[in-house]
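Trainee: Could you take one part of this model and go through it closely, in terms of what surrounds it and what it touches? I'd like one connected account rather than a list.

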Amino acid sequence: MTIAIIGGTGLDQLDGLQVGEKIALDTPYGAPSAPVQQGTYNGKPVFFLARHGERHEWPPHRVNYRANMYALKQLGVEQVIAVNAVGGIHHDMGPAVISVPDQIIDYTWGRIHTYSDDEHSPLEHIDFTYPYAERTRELLVRAADAAGVIVLARGVYGCTQGPRLETAAEIRRMQRDGCDLVGMTAMPEAPLAREIGLDYASLCVVANWAAGCTDELITMEAIEATLKVGMDNIRKILQQVLVLG
Ligand code: HPA
């Protein structure tokens, strides 16, 4: 299976990637967030795409998700591993915990979220009962096991619009809805992958307690420090993904 990794906040580049060609692609939907980096990781070929751009210039609501997924498809990618920084809502999902979520609730608005968008594109109502590809989720869980990194093999990801963080009342509502995690990028990335025929699953790294879940103020400094720890574990898992995948 040809694998691509989409790096989010805290993973704008993949250390340890034996760098090959940087592929600047254009798509019918415009340019992807960044050139796609082709390379090998742990001896295995892999593609890497920085979701927020090489200089972290694209906020979550401005990412060209359609171009990103289309570009990966053009390159022959079959399986996409998304890495997402999130806030923790469930008491088990504290800072630095890694989850392989199994469900999503969408709170975003105004994002271009489908390829079925004009008279030239066939209208498709994809099945999205299970938004993540089960076999890719299983691969991630097995890879984490092989890497000796503990992950929670479930989680409901609530996707908000951002870029601001949520209010405490918004998080309480999301908790009542059944959300365990809150992030800003799973939607519309996951359904676009499904529409275009890419297997897609995510490694979510908890960067902070979600708003109101702790008395402490959420600062970018604290988020960055936690992500550094989390991303070290993510790298270990990704190496095993490429051994097993
Ligand atoms: N909310 C939304 N997205 C996030 C958060 C958060 O608290 N932390 C990291 N990404």
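Mentor: First, the labels: helices and strands here are DSSP runs numbered from the N terminus, with at least four residues of H or I for a helix and at least two of E for a strand. With that naming, Ala96 lies in the loop between β5 and β6, the latter being residues 98-99. Keep in mind that we're looking at a predicted model. I'll come back to Ala96 at the end; the part I'd pick is helix α1.

So how enclosed is α1? Of its 10 residues, 7 are buried, so the helix is largely enclosed by the rest of the structure. The buried ones are Tyr65, Arg66, Ala67, Asn68, Met69, Ala71 and Leu72. That set includes Arg66 and Asn68, so don't read "buried" as "nonpolar": the word just means under 20% relative accessible area. As for what encloses them, the buried residues of α1 pack against β1, β3, β4, β5, α4 and β10.

Let's take the helix partner from that list. The axes of α1 (residues 65-74) and α4 (residues 186-196) come within 9 Å and cross at roughly 40°, and the crossing is right-handed. On the α1 side the contact uses Tyr65, Arg66, Met69, Tyr70 and Lys73, while α4 brings Met187, Pro188, Glu189, Leu192, Ala193 and Ile196. Sorted by type, the residues of this contact come out as 8 nonpolar, 3 charged and no polar. There's also a backbone detail on the α4 side, in the residues you've just met. The peptide bond from Met187 to Pro188 is cis, with omega near 5°, and Pro188 is found in α4 itself. If you like collecting cis bonds, the one from Gly162 to Pro163 is cis too, with omega near -5°; that proline is in the loop between β8 and α3.

Now follow Met69, since it links the helix pair to the interior. Leaving out neighbours within four places in sequence, Met69 is in contact with Glu189, Leu192, Ala193 and Ile196, and also with Ile6, Tyr115, Leu198 and Tyr200. In the largest nonpolar core, which has 32 residues, Met69 is among those that touch the most other members, along with Leu72, Val77, Val80, Tyr157, Leu198 and Tyr200. In general, nonpolar side chains in soluble globular proteins tend to be buried together. Here, at least two core residues each come from β1 (3-7), β4 (44-50), α1, β5 (79-88), β8 (156-159), α4 and β10 (199-209). The largest share, 6 residues, is supplied by α4. There's also a second, separate core of 31 residues, with Leu17, Ile98, Val100 and Ala144 among its members.

Leu17 takes us to β3, one of the strands that α1 packs against. Gln37 lies in β3 (residues 36-41), and it counts as buried because its relative accessibility is 11%. Its contacts, again skipping near neighbours in sequence, are Leu17, Val19, Gly20, Glu21, Lys22, Val46, Phe47 and Phe48. The side chain of Gln37 also reaches the backbone oxygen of Gly20 at 3.4 Å.

Back to the start of α1, where Tyr65 has a further contact in Thr185. Thr185 sits in the loop between β9 (181-183) and α4. With a relative accessible area of 5%, Thr185 is buried. Besides Tyr65, Thr185 touches Arg51, His52, Pro60, Asn84, Arg111, Tyr157 and Cys159. That list includes Tyr157, one of the well-connected core residues I named above.

Finally, the backbone on either side of the helix. α1 is followed by Gly76, which has a positive phi near 90°. In the loop between β4 and α1 you'll find His56, which isn't a glycine and yet has a positive phi of about 55°. His56 is partly exposed, at 35% relative accessible area. And here's Ala96 again: its phi is positive as well, near 80°, in a residue other than glycine. Ala96 counts as partly exposed because its relative accessibility is 26%.

Definitions and conventions
Residues are numbered from 1 along each chain as its sequence is written. This is a predicted model: local features need pLDDT of at least 70, side-chain atom pairs count only at pLDDT 80 or more; totals for chains, interfaces and linings use all residues. Side-chain values use heavy atoms; hydrogens and water are left out. Axes are lines fitted to C-alpha atoms, for helices over the stretch in contact, and angles run from 0 to 180 degrees between N-to-C directions. A crossing is left-handed if the near helix is turned anticlockwise from the far one by less than a right angle, and right-handed if clockwise. Contact means heavy atoms within 4.5 Å. Ala, Val, Leu, Ile, Met, Phe, Trp, Tyr, Cys and Pro count as nonpolar, Asp, Glu, Lys and Arg as charged, and the others, Gly among them, as polar. A nonpolar core is a set of buried Ala, Val, Leu, Ile, Met, Phe, Trp, Tyr and Cys residues joined through side-chain atoms within 4.5 Å. Buried means under 20% relative accessible area, exposed over 50%, partly exposed in between (1.4 Å probe, protein chains only). A polar contact is a pair of N or O atoms within 3.5 Å; within protein, one must be able to donate a hydrogen and the other to accept it, and residues adjacent in sequence count only if both atoms are side-chain atoms.
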